[in-house]
Amino acid sequence: MPAPAMNGAGVRSVWDDNFKVVSDIVRSVARRARHVALTVQYPGCPFVVQNAGERKPYEKLTAEERYQEVRANVDALRPIQVGLAIRAGDGDGEPLVFEFNLKGFNVNNPADLRDPNSIEYLQARGVDFGRLPRDGIESCRLRWLLWDSGLIRARPSWATFAGGYHVAYAVSILTGRELPASLDSFTESLDGFTKRVASVFGRGVYDVKKISREHHPGHTGALTKLAERLGIVPAEQVHGVVAGAGAALTLRVFETLKETVEASCLQRQSLQLCGLYFR
């Protein structure tokens, strides 16, 4: 069974033929995980909230409308890759970074909804769409690994960048269910998105884009730009980010911000209400 191939960024590319080997690696560190960065690549956002036949500007959407847009896309589309960067133990050494290539989306199947611009973007960055239907990993196998390994129960801090879609896809994968009908649950008997996220990940979910905006107002733009401004990577290296490399960079940004932001401030940015992603 082949060992997982690693690219220049130290990302282990995971397919069906090396999934078992990678599973053993994940299991060896899962229960000691302290920080985990999560990135999901997906085929765009073909469903949008409209007003009079035109897309309603994002800044004019309510939190619930923003969630409903995410929900419509996540429930209808198939995720392509899941990137995880895991910092275990006392934090010494390099994190383990994995890029799980998922079976399900077929670029040659018109029934698989997509935004063509997103597909073009991912193809330009090396996503092997031709291989996914043949050698990809079924989402249920990834779900079983992340639960059975103890990674979810370890309750690490979870970091994302502009994480509404990333968290929503991860919750969908990890529960095997469609997303809840509403953002918030107003009674104990109703299952809102906020409540479901907390039940899966706990309260320690952070959006590094929001943390950065809160404490460094000039830090706007893409993840790579944020990393540059924090002095994490030289300008010539910040390109070609897909799920694994994106998770690795998100983890480095999160840990850098964590060192510079007071714990009380960081705590306020946690996903106490998942609406942070939509408000």
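Helices and strands are DSSP runs, numbered from the N terminus. In this predicted model, the elements named below follow that numbering.

The structure holds two cavities of 30 Å³ or more. The largest cavity has a volume of about 80 Å³. Helix H6 gives the most to its lining, with three residues. H6 spans residues 164–175. At least two lining residues also come from each of strand E3 (33–41), strand E6 (81–88) and helix H5 (139–148).

The residues that line the largest cavity include Leu38, Val40, Val82 and Leu84. Leu142, Leu146 and Trp158 also line the largest cavity. Ala170, Ile173, Leu174 and Phe201 complete the lining. By class, the lining of the largest cavity is made up of eleven nonpolar residues. Polar and charged residues are absent from the lining of the largest cavity.

The second largest cavity has a volume of about 30 Å³. Its lining consists of Phe161, Lys209, Ser212, Arg213, His219, Thr220, Gly221 and Leu226. Helix H8, residues 208–215, supplies the largest share of this lining, with three residues. The classes here are mixed: two residues are nonpolar, four are polar and two are charged.

The two linings can be set side by side by class. The lining of the largest cavity has no polar and no charged residues, whereas the lining of the second largest cavity has four polar and two charged residues. The main contributors by element are H6 for the largest cavity and H8 for the second largest cavity.

Methods
Residues numbered from 1 in each chain as written. Predicted model: local features only at pLDDT ≥ 70, side-chain atom pairs only at ≥ 80, totals over all residues. Heavy atoms only, no water. 1 Å grid on protein atoms, 1.4 Å probe; cavity = no way out; pocket = protein on both sides within 12 Å on 5 of 7 lines; lining within 4 Å. Points joined across faces, edges and corners; volume = space filled by probe spheres on them. Helix = DSSP H or I, 4+ residues; strand = E, 2+ residues; numbered from the N terminus. Nonpolar A, V, L, I, M, F, W, Y, C, P; charged D, E, K, R; others polar.
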